[in-house]
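Q: Please take a close look at a single part of this structure. Set it against the chain as a whole, and give the cut-offs behind the terms.

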Amino acid sequence: MFVNYKKYIWIFLILAGELLAGGKLSSNSVSGLPAHSYFGWSVSIDGEFAAVSAPRESYDNFISVGAVYIYRWAKGNWNFIQKIIPSD
């Protein structure tokens with residue numbers, strides 16, 4: 001996995017010992033996310049789902065409270081499903 005903190009990450013898969021490009025996950029699915037939100041700081045993949053953190057994301061009047069973006073792998077693409085933010 002390559003992280004550049006500029007609104008996207010690349011995921012690579014290893015299948016049968018071969019390295020394959022698994023796709024590009026982008027925060028562009030949610031408008032207004034600045035590069036300094038650190039999108040892609042942490043990534044967890046479980047089956048067809050990926051959770052991507054943006055620990056310095058701000059929203060409303062809250063600064064650097066973070067968010068998690070959920071994606072689902074389908075038909076050869078990662079599709080944005082949901083953005084999770086703290087409740088308080």
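A: Helices are DSSP runs of H or I with at least four residues, strands are runs of E with at least two, and both are numbered from the N terminus. On that basis the chain has 0 helices and 7 strands, in the order β-β-β-β-β-β-β along the sequence. This is a predicted model, in which local features need pLDDT of at least 70 and side-chain atom pairs count only at pLDDT 80 or more, while totals for chains, interfaces and linings use all residues. Residues are numbered from 1 along each chain as its sequence is written, and side-chain values use heavy atoms, with hydrogens and water left out.

The part chosen here is strand 2 (8-15), together with its partner, strand 3 (residues 18-26). The two pair in the antiparallel sense over 8 bridges; strands count as paired if DSSP finds at least two bridges between them. They form a hairpin with 2 residues between them, and Ala16 in the turn has a positive phi of about 55 degrees. Along the ladder, Ile14 has Leu19 as its bridge partner in strand 3, and Phe12 stands opposite Ala21.

Ile14 belongs to strand 2 and is exposed, at 63% relative accessible area. Exposed means over 50%, buried under 20%, and partly exposed in between, with a 1.4 Å probe and protein chains only. Ile14 and Leu19 also join Trp10 and Phe12 in a nonpolar surface patch of about 440 Å². Strand 2 gives the most to this patch, with 3 residues. A patch takes residues with over 30% relative accessible area and no salt bridge, joining nonpolar side chains (Val, Leu, Ile, Met, Phe, Trp, Tyr) within 5 Å and like charges within 9 Å. A salt bridge is a side-chain nitrogen of Lys or Arg within 4 Å of a carboxyl oxygen of Asp or Glu.

Strand 2 also contributes to the largest nonpolar core, which has 11 residues, including Ile9, Ile11, Leu25, Val52 and Trp78. Two or more core residues come from each of strand 2, strand 5 (49-54) and strand 6 (67-74). Such a core is a set of buried Ala, Val, Leu, Ile, Met, Phe, Trp, Tyr and Cys residues joined through side-chain atoms within 4.5 Å. In soluble globular proteins, nonpolar side chains tend to be buried together.

Contacts, meaning heavy atoms within 4.5 Å, tie the hairpin to the rest of the chain. Leaving out residues up to four places away in sequence, Val52 touches Ile9, Leu25, Phe39 and Ala67, among others. Gly22 lies in strand 3 and is buried, at 2% relative accessibility. With the same exclusion, Gly22 touches Ile11, Phe12, Leu13, Trp73 and Trp78. Gly22 and Trp78 are 56 residues apart in sequence, with their C-alpha atoms 8.7 Å apart in space.

For the whole chain, 28% of the 88 residues count as buried. Of the contacts with a separation of 6 or more, 30% are between residues 24 or more positions apart. The accessible surface comes to about 5,800 Å², of which 54% belongs to carbon and sulfur atoms. Accessible areas come from the Shrake-Rupley method with a 1.4 Å probe, and for residues only the protein chains shown count as cover.
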